Amino acid sequence: MLLSVEGLQVAFGDVGVVRGVTLSLEAGETLGLVGETGCGKSVMALTIMGLIPQARIEGTLTFDGLDLRALSPRQWEDVRGRRIGMVFQDPFTALNPVFTIGDQVSAVLARHFGLKGAGLRDRMLGWLGRVGLPPTADFAARYPHLLSGGQRQRVAIALALAGEPTLLLADEPTTALDVTVQAQILDLLRTLQRQTGVAVVFISHDLDVIGSLCHRVAVMYAGRIVEQGETTALFAGPRHPYTRGLFEARQPHDGRLPAIPGSVPPPSAFPQGCAFHPRCGRMQQRCTEEVPELGPATPTQAACFYPF
């Protein structure tokens, strides 16, 4: 097991954002993480990456035999970027505007591999080429604001993979891109995963993207995993009402796209019992009082008292 998350809880003050998440990832596997904005997906990824030290964290985070919660800041410097990489939602804010893209990729290679001189330059240009950018000194001398959105995202992917990590966290890496560029970036990620064997946690709102990339899918709502399973099984028959609602929202009915009523409540106002019950057409009294746990895989695991 490459990554094991057990009973993860993340809170800011008294407000719980991630509430008892358990999931796992094998080497070379791709896990899709889906759900509406505000469900805790990004917070969980940032927690795995060790980037929210101000939060109160409980539970177990184990990566390749390491207890991530026990790492010191100095130990994190050797893990973050080298063993775990991350591609953020907005490549423009993820890149440093005052350094050239070549300098930024070079900094990763120098820090984790001790490269310098011609060897460093050649490896940096090689990574630009691997992500589909011109592997030239002139292009490497450009600043982020001189690149298109797709080019910036390719640089962000190069930064995340240059350290040759075994785990990549991709937090909605194509959200800000148009459809054509999005397809190019997804093809690039598939190619690089085949070449490097990196395991990926891919966060997205787009179920079609998840279906094309991922071996397994976990659906989050209000800080919890409400359904998970093999991609083929989950797409063939989603069992949780929330998952079913997400799928139905992709298919027009009588000329209109169905929508799940209401919206995700803020973490400070998560309801008692099943957090989805105020929006659920299958809600019964028990749903307002008890929190459902993930059941057995039949064929997916659904945290629902009255699944489909």
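Seven strands of this predicted model form an open sheet of mixed pairing, in the order S6-S7-S8-S3-S9-S10-S11. S6 and strand S11 (301–302) stand at the edges of this sheet, and each has a single partner strand, so one side of each is left without a neighbour in the sheet. In general, the strands of a sheet pair through backbone hydrogen bonds, in either a parallel or an antiparallel sense.

The description may start from the S6 edge. S6 and S7 run parallel and are paired over four bridges, with Ile84 standing opposite Leu167 in S7. Although S6 is an edge strand, both of its faces are covered: Ile84 and Met86 are buried on one side, and Gly85 and Val87 are buried on the other. Helix H7 lies across S6 and S7, running at about 170° to S6. The next pair along the sheet consists of strand S7 (residues 167–171) and strand S8 (residues 199–203), which are parallel and joined by five bridges. Within this pair, Asp171 has Ile203 of S8 as its bridge partner. Helix H8 (residues 179–196) packs on the sheet, where it touches strand S3 (30–34), S7 and S8, and its direction makes about 160° with that of S8.

Towards the other edge, the pairing described here is antiparallel. Strand S9 (residues 216–221) is joined to S10 in this sense by six bridges, and Arg216 stands opposite Glu230 in S10. S9 and S10 form a hairpin with two residues between them, and Ala222 in the turn has a positive phi of about 50°. Strand S10 (residues 224–230) is mostly covered, with five of its seven residues buried. S10 is also joined to S11, by two bridges in the antiparallel sense, and the bridge partner of Glu227 in S11 is Ala302.

Strands S9 and S10 also contribute to the surroundings of a helix. Six of the eight residues of helix H11 (residues 241–248) are buried, so H11 is largely enclosed by the rest of the structure. The buried residues are Pro241, Tyr242, Thr243, Gly245, Leu246 and Phe247. What covers them includes helix H9 (207–213), S9, S10 and helix H10 (231–236).

A further sheet is built from four strands. This open sheet has the order S2-S1-S4-S5, and its pairing is antiparallel. Strand S2 (15–25) and strand S5 (66–67) stand at the edges, each with a single partner strand, so one side of each lacks a neighbour in the sheet. Strand S1 (residues 3–12) pairs with S4 over seven antiparallel bridges, and Val10 has Ile57 of S4 as its bridge partner. Helix H1 (residues 41–48) lies across S1, S2 and S4, and runs at about 115° to S1.

The pockets can be placed against these elements. The largest pocket has a volume of about 420 Å³. Its lining comprises 18 residues, of which Gly81, Met86, Val108, Leu159 and Ala160 are the closest to the pocket centre. Strand S6 (84–87), helix H4 (101–113) and helix H7 (149–161) each supply at least two residues of this lining, and H4 provides the largest share, five residues. By class, the lining divides into 12 nonpolar, four polar and two charged residues. The largest pocket thus draws on the edge strand S6 and on H7, the helix lying across S6 and S7. Met86 belongs to both descriptions: it is one of the buried residues of S6, and it is among the lining residues closest to the centre of the largest pocket.

The second largest pocket has a volume of about 310 Å³. Of the 15 residues that line this pocket, Gly50, Pro53, Ile57, Leu68 and Trp76 lie nearest its centre. Strand S4 (56–63) and helix H2 (73–79) each supply at least two lining residues. The lining of the second largest pocket has 10 nonpolar, three polar and two charged residues. Through S4, this pocket is linked to the four-stranded sheet. Ile57 illustrates the link, as the bridge partner of Val10 and as one of the residues nearest the centre of the second largest pocket.

Methods
Residues numbered from 1 in each chain as written. Predicted model: local features only at pLDDT ≥ 70, side-chain atom pairs only at ≥ 80, totals over all residues. Heavy atoms only, no water. 1 Å grid on protein atoms, 1.4 Å probe; cavity = no way out; pocket = protein on both sides within 12 Å on 5 of 7 lines; lining within 4 Å. Points joined across faces, edges and corners; volume = space filled by probe spheres on them. Nonpolar A, V, L, I, M, F, W, Y, C, P; charged D, E, K, R; others polar. Pairing = 2+ DSSP bridges. Contact = heavy atoms within 4.5 Å. Axes fitted to C-alpha atoms, helices over the stretch in contact; angles between N-to-C directions. Buried < 20%, exposed > 50% of the residue type's maximum accessible area, 1.4 Å probe, protein only.
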